[in-house]
Amino acid sequence: MTPFDDDADWDAACVAAVQLAEAARAPLPNECDAEDEDVWLDAEAEFGNETCAVPERRQLDLRAWLGLAPRAKKAKTGAVQADIRALFGAPVPPPEPVVAAPRRCPFYKRIEGTPFAVDAFGYGAVPGVQAYILTHFHSDHYGGLDKHWPAHLPIYCTPVTDRLVALRLRVPPAALRPVPLNTRTLVLGVPLTFLDANHCPGAAVALLQPASLPPSRPFILHTGDFRAAPSLLGSPQVTALAHRISLLYLDTTYCDERYAFPPQEEAVAAAVAAALRARGQHRRLLIVVGAYYIGKERVALALAEALDCAIFVEASRAQLYACFDWPALQARLTRQREGSPLHVVPLGWCASPAKLAAYLEQQNQGAPPAYCYDAILGFRPTGWTHGQAPRKAGKGVSVEGVAYSEHSSARELAACVRLLQPGRVIPTVSVGNAGKREAMAKLLAEWQAA
Ligand SMILES: [Zn+2]
């Protein structure tokens, strides 16, 4: 096996490495930083959720802060119990096996006042939850799902996500409940509708209508990961929700006005222009586009259409892409490496000029002269590259950032909140960092007041 075989672990490691490198460069929002119980409890207190139990230590803090006396402890500690046993000559029981407690489900993954949880698969069976929603097939959302998932706990997702889960995670089929987009379905007596999230293929925004909400604001919207482009905010399904949402769970990945990256169409057009320019400078140019397992396909497709060529993908990626309902993409895919000057590779590879140089060398090894390349251009499509200059990374190797994001820019988040005017907003990303949380709360309040 070479380092460039399409290996799922390698792919994931590259993505993780890029994310770590990016995180090291700047304190970027990251859902993972909200997973630590100690930090997101503060967020829970701020953004509010009366249904979640607060651990004892934090309860003591809150009681002190509220000026309440601490509750008397009920249970004796292990040391006191041992003293009592010794005093009365009671036998000492064998030590209890140490069992790791399941992580506690963060409050923003539980839908308040309902039996639903969203993208919450790493916490065991969450008490009170009877239906799980999977918004899309990205690992930070499906983490914890595997073939051991109990078949009696239903998972609602779109048909594309359903096929991806079945292909890769082998979840018991009886647990999976695919629901097409824009189709109202009753789940445990609650109407559930998935709307297009404009994120990766199959991604959905979940709209719930619990009977407990007032008729003037009957909806809860959980955006999962989404890009609130004008086309999404202007759709009749979304405009109909203006002023009618009680609670909005919002993807706040870029809830910071520094992230003013361009619309997707503009970012894609810039990538196409850069590719055409580079092709004019090199006789035989290999172009590679970085991508997650799924997501960012629009960049590769636009390049293929502009250059009128096929897109080479490895076998495992071809399997994933076959789960999409996307004929235009399917028509461009090929498994024929020779003569295909456009490849999709793991995103992490495009952050490493050395890896790109090695990839170029590997493609040329043993290839007929007609299929050899003299240069490689890597595209790295992510909102984090906004404002970064293209990098010449050595002879014949260059890397171009594409400010193409499948999350909303700060301006789009503002437009979304201003349009919907929800009763309350709960951020779902970066809530674990107190500084970011305060800045987000200030921005969200401004947008809601506007
Ligand atoms: Zn995602």
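**Sheets, a half-buried helix and two unusual phi angles**

In strand S7, Val205 is the bridge partner of Leu195. That pair belongs to a predicted model, and it makes a handy way into the fold. The two strands involved, S6 (residues 190-196) and S7 (residues 204-208), run antiparallel and are joined by five bridges. Both sit in an open sheet of six strands, ordered S5-S6-S7-S8-S9-S17, in which the pairing is mixed. At the edges of this sheet are S5 (185-187) and S17 (424-427), each of which pairs on one side only. On average, neighbouring strands here are turned by 25 degrees against each other, direction ignored.

Stepping back, the protein chain has 450 residues, and 39% of them count as buried. Its secondary structure comes to 15 helices and 17 strands. Among the contacts with a separation of 6 or more, 64% are between residues 24 or more positions apart.

A second open sheet has four strands in the order S1-S2-S3-S4, and here the pairing is parallel. Its edge strands are S1 (116-118) and S4 (176-178), each pairing on one side only. Neighbouring strands in this sheet are turned by 30 degrees against each other on average, again with direction ignored. At the S4 end, strand S3 (residues 155-157) pairs with S4 in the parallel sense over three bridges, and Ile155 stands opposite Leu176 in S4. Helix H6 (residues 159-168) lies across S3 and S4, and it runs at about 150 degrees to S4.

Strands S10, S14 and S16 make up another paired region, with S14 as the shared partner. S10 pairs with S14 in the parallel sense over five bridges, and within that pairing Val289 has Phe379 of S14 as its bridge partner. S14 also pairs with S16, likewise in the parallel sense, this time over six bridges; here Arg380 has Gly401 of S16 as its bridge partner. As for burial, six of the seven residues of S14 are buried, so this strand is largely enclosed by the rest of the structure. Over in S16 sits Val402. Its C-alpha atom is separated by 6.5 Å from that of Phe379, although the two residues are 23 apart along the chain. Val402 counts as buried because 25 other C-beta atoms lie within 10 Å, where 20 or more are needed.

The same three strands turn up again around helix H13. This helix (residues 353-364) has twelve residues, and from its first C-alpha to its last it reaches 17 Å, close to the 16 Å expected at 1.5 Å a residue. Its buried residues are Lys355, Leu356, Tyr359, Leu360 and Gln363. Because they cover an arc of only 140 degrees around the axis, they fall on the same side of H13. The spacing fits the usual helical pattern: an α-helix has 3.6 residues a turn, so residues three or four places apart point the same way. The other side of H13 carries Ala354 and Glu361, both exposed. What covers the buried residues of the helix includes S10 (285-291), S14 (375-381) and S16 (397-402). Just after H13, Gly366 takes a positive phi of about 70 degrees.

A positive phi in a glycine is one thing; in other residues it deserves a closer look, since most residues other than glycine have a negative phi. Two such residues can be picked out here. One is Asn182, with a phi near 60 degrees, placed in the loop between S4 and S5. That loop therefore leads from an edge strand of the parallel sheet to an edge strand of the mixed one. The other is Ser430, with a phi near 65 degrees, in the loop between S17 and helix H15 (434-449).

How do these two residues compare in their surroundings: which is buried and which partly exposed? Asn182 counts as partly exposed, because it has 13 C-beta neighbours inside 10 Å. Ser430 has 24 other C-beta atoms within 10 Å and is therefore buried.

Definitions and conventions. Residues numbered from 1 in each chain as written. Predicted model: local features only at pLDDT ≥ 70, side-chain atom pairs only at ≥ 80, totals over all residues. Buried ≥ 20, exposed ≤ 12 C-beta atoms within 10 Å, placed from the backbone. Contact = placed C-beta atoms within 7 Å. Pairing = 2+ DSSP bridges. Axes fitted to C-alpha atoms, helices over the stretch in contact; angles between N-to-C directions. Expected span 1.5 Å × (residues − 1). Arc of directions from axis to C-beta.
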